[in-house]
Amino acid sequence: MKLNVVTLENKAAGDVEVSDKIFGLEVRKDILARVVQWQRDKARAGTHKTKTRSEVSGTGKKPFKQKGTGQARQGTLRGPHQEGGGRAHGPVVRDHGYDLQKKVRKLGLRHALSAKQAEGKLFIVDSIELKNAKTKDIAANFKALGFVKPLIIGGEVLNEAFAKAARNIVGVDVLPTQGANVLDILRHKELVLTKEAALALEKRLA
């Protein structure tokens with residue numbers, strides 16, 4: 001399929017030929033859901049932790065004698081049934097990540113790109129190189145292009161001046177080609193690829 005290419009000044013800049021197998025798939029929400037869940041689980045810190053009975057502060061002495069008190073026998077004050085005792089079966093520090101096949105991850109990215117194209121929210125710009133990369137000017141360009149909350153994916157090496165200025169705008173993210181991922185694509189309203197990024201992603205997902 002052919003996609004129109006524009007400049008950041010909202011002027012026509014020709015078109016680019018891209019593969020239907022990457023940008024024109026019938027979207028499968030189950031694949032997208034699998035990849036998003038994998039990304040979110042992998043990003044979890046897993047630092048939640050409670051103390052067990054062996055970790056809480058307190059004496060190990062038997063609270064009172066076994067018989068003759070009229071109370072239920074107790075062997076410790078640090079058990080989970082005691083006030084201030086350790087917690088039984090509480091959360092522990094662990095890694096929530098798991099493996100997902102590379103072919104499923106690549107398929108998820110294809111479907112994410114296709115989803116944006118199907119929604120009419122995929123835009124191709126010729127370049128993100130600007131002489132004066134100022135936040136005010138970039139915000140004006142985005143407004144003229146109709147961008148509300150765009151994800152900008154540039155080439156392998158980002159224009160740092162543009163990236164720093166654009167990130168000052170609420171809701172805008174800028175990533176290099178290798179940083180393209182399903183979660184970020186889906187959570188932004190628009191996906192903006194440079195012509196270089198579109199061809200690089202096609203090569204990467206072929």
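**Close-up 1. Helix α2, end to end.** In this predicted model, α2 runs for 15 residues, and at 1.5 Å a residue that should give a span of 21 Å. Its end C-alpha atoms do sit 21 Å apart, so the expected and modelled spans agree. Look along the helix and you'll find I31, L32, V35, V36, W38, Q39 and D41 buried. The cover over those buried residues includes α3 and α6.

**Close-up 2. Helix α3 and its neighbours.** Here we turn to α3, residues 102-119. With 18 residues at 1.5 Å each step, this helix should span 26 Å, and its end C-alpha atoms are 26 Å apart, so the numbers agree again. Its buried residues are V104, then G108, L109, R110, H111, A112, L113, S114, A115 and K116. Among the elements covering them are the helices α1 (20-23), α2 (29-43), α6 (182-187) and α7 (195-205), along with the strands β3 (122-125) and β6 (190-194).

**Close-up 3. Just past the end of α3.** Step off the helix and you meet G120, which takes a positive phi of about 75 degrees.

**Close-up 4. The largest pocket.** This one has a volume of about 270 Å³. It is lined by 13 residues, and the closest to its centre are W38, R105, A180, N181 and R204. Helices α2, α3 and α7 each supply at least two residues of the lining. Sorted by class, the lining is a mix of 6 nonpolar, 2 polar and 5 charged residues. If W38 rings a bell, it is also one of the buried residues of α2.

Definitions and conventions. Residues are numbered from 1 along each chain as its sequence is written. This is a predicted model: local features need pLDDT of at least 70, side-chain atom pairs count only at pLDDT 80 or more; totals for chains, interfaces and linings use all residues. Side-chain values use heavy atoms; hydrogens and water are left out. Helices (H or I, at least four residues) and strands (E, at least two) are DSSP runs, numbered from the N terminus. The expected span of a helix is 1.5 Å times one less than its number of residues. Buried means under 20% relative accessible area, exposed over 50%, partly exposed in between (1.4 Å probe, protein chains only). Contact means heavy atoms within 4.5 Å. On a 1 Å grid over the protein atoms alone, a cavity is a set of points where a 1.4 Å probe fits but cannot get out, and a pocket is an open set with protein on both sides within 12 Å along at least five of seven lines; lining residues have an atom within 4 Å of a point. Grid points are joined across faces, edges and corners, and a volume is the space filled by probe spheres set on the points. Ala, Val, Leu, Ile, Met, Phe, Trp, Tyr, Cys and Pro count as nonpolar, Asp, Glu, Lys and Arg as charged, and the others, Gly among them, as polar.
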